[in-house]
Amino acid sequence: MQAANATDRLLGERYRLEEPIGHGGMSTVYRARDELLGRDVAVKLFDADLADSGRQESELAVLAGLDHHNLVSLLDAGIDPASHGRSRYIVMALVKGINLRDRLRGARIAARNIGEIGYDMAEGLEYIHAHNVIHRDIKPSNILLVDYGSEASRARARLTDFGIALTDDIERLTTDGTTSGTAAYLSPEQAAGATVGFATDVYSLGLVLLQCFTRRVEFQGSLVESAMARLSRDPVIPDHLPEHWQELLAAMTARDPKNRPPAHDLVAALRRAVIADSARHKEAPGEPFTLGADHAADALDTIPDEALHRATAMAARLLNAPVSVVSIVDRDRTWLVSHYGEELEALAGKIDLSSPTAPSPETIVVENALTDPRTKDSPLVAGPVGMRFYIGVPLTRRDGHTIGTLSVAGFEPVTIVESQLASLHDLAALIVAQLELRQEGMRSYGHVSGTVPTATNGQVGP
């Protein structure tokens, strides 16, 4: 069925086809209007002259058995009457956003956002693999980045197109030795025409994430050229990537499927990567740091590490929390010192709980971040970091100027009592007193203009 002839048709006395929004080798995806429920949907219409019935039935069987927030949902299906019974249509949720292939043509994607996309895909793979489904065609165009219109700082990724997926209940639709999949993202076992397993999807996702960093397809060329390349060498992983990404991408793209991490381990690894990449540090080399009205950033950098480490550790112990951060935000950079519990020391480097804007002069208490409207859309809450409670106590100078925040956070909802808040305010006051004491001392010795050497990276702590 040609796209030009399919628009404005009504399928199932319900779905009005509009413009095509995607094309495949044997099908076209249309934006459509569900006239019964008054909503937009996506309708995948197979070409009656090209699509084989086995592939149509297999995709429908796979999608009917899956329901996960990182997969595109199946809503309905039927027979296209114009095909005389030879072709089906599949109705799916319409994802508003952009696919990863098109996104890669735009601006660079931050490492943290790459990790978030990977995390969503790993969760989807963990789910389908638990249901004995192998996708077999993980590639950028099959990863949709959802725009919910909520101005959230990160997109949600969904996996689509299960047209060549395999389950234990579906016979292989290709003859022995025939390869299915997209040439650039085939696993070595797919390229060799060998039996595929769950590790195939992990390999393909590894190539996709690598492409997000390098912005180029690792194995280019025809199917034969691409297949021979991956059978003879490993992907080239840039040396400039953080060590955790180098190790993870190397493991995901190992030529031996047994050496690749299973999807449930991949979820944990990508969660750690997001936590590590979430640390943001702003710095303008050579510019003085403004602490209130005085140019005395050096006061920050001369406080003994131990003093603030003990303050943040005390704040964490007070609430039995794994994370505590002192952050002071200026127009040029964010100065911070952090404390992490043992479980996070093993997980990642740093979590940034500071704000790039002026710190709040009010105490912020979020006992359950999932239900609090102020935080439920935050990437630290909705994303793989999984923060569940947060307390932010202002760091306020004697003149009333708020210069930063003492933050405490954790991964389980809590109930905060007044005595705990009072203790955090006392700790915040002690931290500010240390800063002002250092600043006064530096002024007495004539260092108010910022001549005391600062830390090389503007950051204290691990």
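His-264 sits in helix 9, and this predicted model shows the residue as partly exposed, with a relative accessible area of 46%. Along the chain, His-264 and Glu-126 are 138 residues apart, yet their C-alpha atoms are separated by just 5.5 Å. That pairing is a handy way into the fold as a whole. The chain has 462 residues, and 50% of them count as buried. Its secondary structure adds up to 14 helices and 18 strands. Taking the contacts with a separation of 6 or more, 65% link residues that are 24 or more positions apart.

Helix 9 is also a good place to look at how helices pack. Two packed helices are described by the angle between their axes and the distance between the axes. For helix 8 (residues 243-252) and helix 9 (residues 263-277), the axes come within 10 Å and cross at roughly 160 degrees. An angle over 145 degrees counts as roughly antiparallel, so helix 8 is roughly antiparallel to helix 9. The crossing of this pair is left-handed. On the helix 8 side, the residues that take part are His-244, Trp-245, Leu-248 and Met-252. They meet Leu-266, Ala-269, Leu-270, Ala-273, Ala-276 and Asp-277 of helix 9. Sorted by class, this contact has 8 nonpolar residues, 1 polar and 1 charged.

A second pair of helices makes a nice companion. Helix 4 (residues 111-130) packs with helix 6 (residues 198-214) at an angle of about 170 degrees, and their axes are 11 Å apart. Because of that angle, helix 4 is roughly antiparallel to helix 6. Here the crossing is right-handed, whereas helix 8 passes helix 9 in a left-handed one. Helix 4 brings Ala-111, Ile-114, Gly-118, Met-121, Ala-122, Leu-125, Ile-128 and His-129 to the contact. From helix 6 come Phe-198, Asp-201, Val-202, Leu-205, Leu-209, Cys-212 and Phe-213. The residues of this contact divide into 12 nonpolar, 2 polar and 1 charged.

Just past helix 6, the chain enters the loop that leads to helix 7 (223-232), and Phe-219 is found in that loop. Is Phe-219 buried or exposed? With a relative accessible area of 1%, Phe-219 is buried, because anything under 20% counts that way. Setting aside neighbours within four places in sequence, Phe-219 is in contact with Ala-184, Tyr-203, Leu-207, Ser-226, Ala-229, Arg-230, Arg-233, Asp-234 and Pro-235. One of these, Arg-230, lies 11 residues away along the chain, and the C-alpha atoms of the two are separated by 7.0 Å.

Charge pairing turns up as well. Side chains of opposite charge can pair when their charged atoms come close. The structure holds 18 salt bridges. One of them joins Glu-218 to Arg-216, with the closest N and O atoms 3.2 Å apart. Glu-218 counts as buried at 8% relative accessibility, while Arg-216, at 38%, counts as partly exposed. Elsewhere, salt bridges that share partners tie Arg-14, Asp-34 and Arg-39 into one network. Within it, Arg-39 bridges to Asp-34, and their closest N and O atoms are 3.7 Å apart. Asp-34 is buried, with a relative accessible area of 1%, whereas Arg-39 is partly exposed at 35%. A further salt bridge links the side chains of Lys-139 and Asp-137, at 3.6 Å from N to O. In this case Lys-139 counts as buried at 17% relative accessibility, and Asp-137 is buried too, at 10%.

Finally, a couple of backbone oddities deserve a look. Most residues other than glycine have a negative phi, and most peptide bonds are trans. Glu-13 has a phi near 55 degrees, a positive value in a residue other than glycine. Glu-13 is located in the loop between strand 1 (10-11) and strand 2 (15-23), and at 75% relative accessibility it counts as exposed. Arg-136 also has a positive phi, near 75 degrees. This arginine is in the loop between strand 8 (133-134) and strand 9 (143-146). Unlike the exposed Glu-13, Arg-136 counts as buried, at 6% relative accessibility.

Conventions
Residues are numbered from 1 along each chain as its sequence is written. This is a predicted model: local features need pLDDT of at least 70, side-chain atom pairs count only at pLDDT 80 or more; totals for chains, interfaces and linings use all residues. Side-chain values use heavy atoms; hydrogens and water are left out. Axes are lines fitted to C-alpha atoms, for helices over the stretch in contact, and angles run from 0 to 180 degrees between N-to-C directions. Helices (H or I, at least four residues) and strands (E, at least two) are DSSP runs, numbered from the N terminus. Angles under 35 degrees count as roughly parallel, over 145 as roughly antiparallel, 65 to 115 as roughly perpendicular and the rest as oblique. A crossing is left-handed if the near helix is turned anticlockwise from the far one by less than a right angle, and right-handed if clockwise. Contact means heavy atoms within 4.5 Å. Ala, Val, Leu, Ile, Met, Phe, Trp, Tyr, Cys and Pro count as nonpolar, Asp, Glu, Lys and Arg as charged, and the others, Gly among them, as polar. A salt bridge is a side-chain nitrogen of Lys or Arg within 4 Å of a carboxyl oxygen of Asp or Glu. Buried means under 20% relative accessible area, exposed over 50%, partly exposed in between (1.4 Å probe, protein chains only).
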